[in-house]
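Dear colleague,

Please find below the structure that I am handing over to you. A summary of the findings follows it.

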Amino acid sequence: MELANAEVPATVPSTTEAIRMVAGVDVEPALTIDTATPDALKQLYLQWHEEAWPVLAGPGSGAFLILPPGGGGAAVGWVPVKDIAPPGLPSRIAAATGSPELVALSADGTHLCAVTEEEDAYWIIVRSLH
């Protein structure tokens, strides 16, 4: 990834709101992958590219907003980035942090996409915010 030359729209949810949209008890994943499956991470990466990537990057520059993964990301806030090596964003985050978890918004703030690691499954969350 590289930093994108883009502004964070004033209308995007706060980092706290976005985390609640991903971690709340009423969250429904778009897709789940059983972590016990031998190729669970590979499936996660493939399904992310199929389910979330088109919504997140959309047709255009490929820029989107991400909370920096790992501890303290919410305090940093939304960072405009461009993924210069898709597919495989969750795999690169897992290589850097030890977990594929991420929270991202489309550049216009209309779609939230995330990966969470639950007790026995990876969840891909895709939410329309309009």
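**Strand β5 and its partners**

Strand β5 is covered on both faces: L102, A104 and S106 are buried on one side, and V103 and L105 are buried on the other. Please note that this is a predicted model. Counted by residue, 5 of the 5 residues of β5 are buried, and the strand is thus mostly covered. As a general point, side chains in a regular strand alternate between the two faces of the sheet.

On one side β5 pairs with β3, to which it is joined by 3 bridges in an antiparallel arrangement. Within this pairing, L65 stands opposite L105 in β5. β5 also pairs with β6, again in the antiparallel sense, over 4 bridges. Here L102 has V115 in β6 as its bridge partner. The hairpin of β5 and β6 has 4 residues between the strands, and G109 in this hairpin takes a positive phi near 75 degrees.

G109 also has a neighbour from a remote part of the sequence. T11 and G109 are 98 residues apart in sequence, yet their C-alpha atoms are 7.0 Å apart in space. T11 belongs to the loop between β1 and α1. Is T11 buried or exposed? Its relative accessibility is 69%, and T11 therefore counts as exposed, the cut-off being over 50%.

**The sheet as a whole**

The strands discussed above belong to an open sheet of 7 strands, with antiparallel pairing and the order β1-β4-β3-β5-β6-β7-β2. Its edge strands are β1 (residues 2-3) and β2 (residues 31-34), each of which pairs on one side only. In general terms, the strands of a sheet pair through backbone hydrogen bonds, either parallel or antiparallel.

Beyond β5, the order continues with β6 and β7. These two strands run antiparallel and are joined by 7 bridges. A hairpin connects β6 to β7 through 3 residues. One of the facing pairs places T116 opposite W123 in β7.

β7 (residues 121-128) is in turn joined to the edge strand β2 by 4 bridges, and β7 and β2 run antiparallel. Which residue of β7 is the bridge partner of I33? The partner is Y122. In addition, D34 stands opposite A121 in β7.

**Helices across the sheet**

Two helices that lie across strands of this sheet deserve mention. Helix α1 (residues 15-23) lies across β5 (residues 102-106), β6 (residues 111-117) and β7, and runs at about 55 degrees to β6. Helix α4 (residues 89-97) lies across β3 (residues 63-66), β5 and β6, and runs at about 140 degrees to β5.

T15 is one of the residues of α1. T15 counts as buried because its relative accessibility is 13%, and the cut-off for burial is under 20%. Apart from its neighbours within four places in sequence, T15 is in contact with L67, A74, G77 and W78.

**The contact of α2 with α4**

Two packed helices are described by the angle between their axes and the distance between the axes. For α2 and α4, the axes come within 8 Å and cross at roughly 135 degrees. This angle makes α2 oblique to α4. By class, the contact has 6 nonpolar residues, 1 polar residue and no charged residues. Which residues meet there? From α2 they are L44, Y45 and W48, and from α4 they are L89, P90, S91 and A94.

**The aromatic pair**

The structure holds 1 aromatic pair. W53 and F64 form this pair, with a distance of 5.6 Å from centre to centre and an angle of 85 degrees between the planes, in an edge-to-face arrangement. The pair links distant parts of the chain: W53 lies in helix α2 (residues 40-57) and F64 in strand β3, 11 residues apart.

How accessible the two partners are can be stated separately. W53 has a relative accessible area of 13% and is therefore buried. F64 is likewise buried, with a relative accessible area of 0%.

With kind regards

Notes: Residues numbered from 1 in each chain as written. Predicted model: local features only at pLDDT ≥ 70, side-chain atom pairs only at ≥ 80, totals over all residues. Heavy atoms only, no water. Pairing = 2+ DSSP bridges. Contact = heavy atoms within 4.5 Å. Axes fitted to C-alpha atoms, helices over the stretch in contact; angles between N-to-C directions. Phe/Tyr/Trp six-rings, centres within 6.5 Å; stacked < 30°, edge-to-face > 60°. Buried < 20%, exposed > 50% of the residue type's maximum accessible area, 1.4 Å probe, protein only. Parallel < 35°, antiparallel > 145°, perpendicular 65-115°, else oblique. Nonpolar A, V, L, I, M, F, W, Y, C, P; charged D, E, K, R; others polar.
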